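Work through the exercises below with the model open. Each task is followed by its solution.

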Amino acid sequence: MEVTQLLHAVDQGRDDAFDRLFALIYDDLRRMANAQLRQFPAHETLNATALVHEAYMKLVRQEHKHWENRQHLFGLLSMVMRRLIITYAERKSAQKRGGGVKPLPLDEALHFSEAQAQEVLALDEALTRLSAFDERLGKVVELHFFVGLTQKEIGEALDISERTVKRDWKMARAWLSKEMGTA
Amino acid sequence: MTTTRWNRLRALFDELADLTIQARSVRIAEEQLDAPLRHELLGLLAAHDHSATILDQEPPGYRLNGSEARPR
C-alpha cells in the first residue's frame with residue numbers, strides 16, 4: 001500500500017494504518033531527525049532514533065489526523081520536530097535558571113549548550129513573526145532548518161521551483177538574522 | 001508592514017543582494033525610497049552580507065548511536 005493510500009486510511013481513523021505508514025516512512029523520519037541534530041555541535045552522542053520516536057508519539061497523540069498527501073504529512077512532521085527542539089531548549093533554559101524542571105525523555109539523546117538553546121528559542125520566536133506575514137518563507141525555513149530538506153526537496157514539498165526556494169531562503173535568512181540581532 | 005511594502009522590499013532585496021555595494025547605492029538612490037523602507041532594506045542587506053546565525057551552523061561532525069557516519 002502506498003503512502004497516499006495509507007494516509008487516506010489514517011484519515012478514516014484506522015490506527016493500524018498509521019503504524020504501517022510510520023514503518024513506511026521511518027527512514028525518511030530518521031533522515032529528518034539526523035538533519036535536525038546536525039544543527040547542533042556533536043560534543044556528545046546524539047540519538048536520532050529517540051528523536052524520531054518522540055516525534056512519532058506526538059503524532060499519534062494528535063487528535064486531528066487530516067493529511068491530504070505526503071507533503072501534508074511532512075509539513076506536520078516538521079512542526080512536530082520543531083516543537084520537540086523548542087521544548088527541549090525551553091527545558092534547558094528552565095533548568096539553567098534552577099526551576100526544578102524534570103528532564104525530558106530527549107535529554108539523554110539531544111544535547112546542546114545553554115547559548116545554543118537561547119539561540120534556538122530566539123530563532124523560533126523570530127520565525128513565528130516571519131510566518132505571520134509571509135507563511136511560505138516561514139515554511140521554507142522550517143523545512144530546511146528543523147527538517148533538513150534540501151532546496152530541491154523543499155520545492156517538491158511546497159510545489160514551487162528550486163529557484164524560488166533559493167530566493168525565499170536568502171530573504172528569510174537575512175530577515176531572521178536582522179531580527180535576531182546578529183547582523 | 002503592509003503586503004505591498006513587504007512585496008516591494010522583497011523585490012528590491014532580490015535584485016540588490018548579490019550586487020556590489022556601489023551598484024546597490026546607485027539603485028537605492030534611483031528608487032527614492034522613504035526612510036523606513038530604506039532603513040529596512042539596508043538592514044536586510046547588511047544581514048545578508050555579514051550575519052552568522054544558528055541558521056548557518058554546520059557542525060564539524062556528529063555520531064548517531066555512536067556508529068553511523070554523517071550523511072552529507
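**Exercise 1.** Is Trp175(A) buried or exposed?

Solution. This is a predicted model: local features need pLDDT of at least 70, side-chain atom pairs count only at pLDDT 80 or more, and totals for chains, interfaces and linings use all residues. Residues are numbered from 1 along each chain as its sequence is written, chains are lettered from A and ligands numbered from 1 in the order in which they are written, and side-chain values use heavy atoms, without hydrogens and water. Trp175(A) has a relative accessible area of 5%. Buried means under 20%, exposed over 50%, partly exposed in between (1.4 Å probe, protein chains only). Trp175(A) is therefore buried.

**Exercise 2.** Classify the pair of Phe133(A) and Trp175(A), and place both residues.

Solution. Over all chains, the search finds two aromatic pairs. Phe133(A) and Trp175(A) form one that is edge-to-face, at 5.4 Å centre to centre and 70° between the planes. Rings of Phe, Tyr and Trp (its six-membered ring) pair if their centres lie within 6.5 Å; planes under 30 degrees apart are stacked, over 60 edge-to-face, the rest tilted. Phe133(A) sits in helix 5 and Trp175(A) in helix 8, 42 residues apart. Helices (H or I, at least four residues) and strands (E, at least two) are DSSP runs, numbered from the N terminus.

**Exercise 3.** Find the partner of Phe133(A) in chain B.

Solution. Phe133(A) is partly exposed, at 35%. Its ring centre is 4.7 Å from that of Trp6(B), with planes at 80°, so the pair is edge-to-face. This pair crosses between chains, to helix 1 of chain B. Trp6(B) is buried, at 3%. Phe133(A), Trp175(A) and Trp6(B) form one aromatic cluster.
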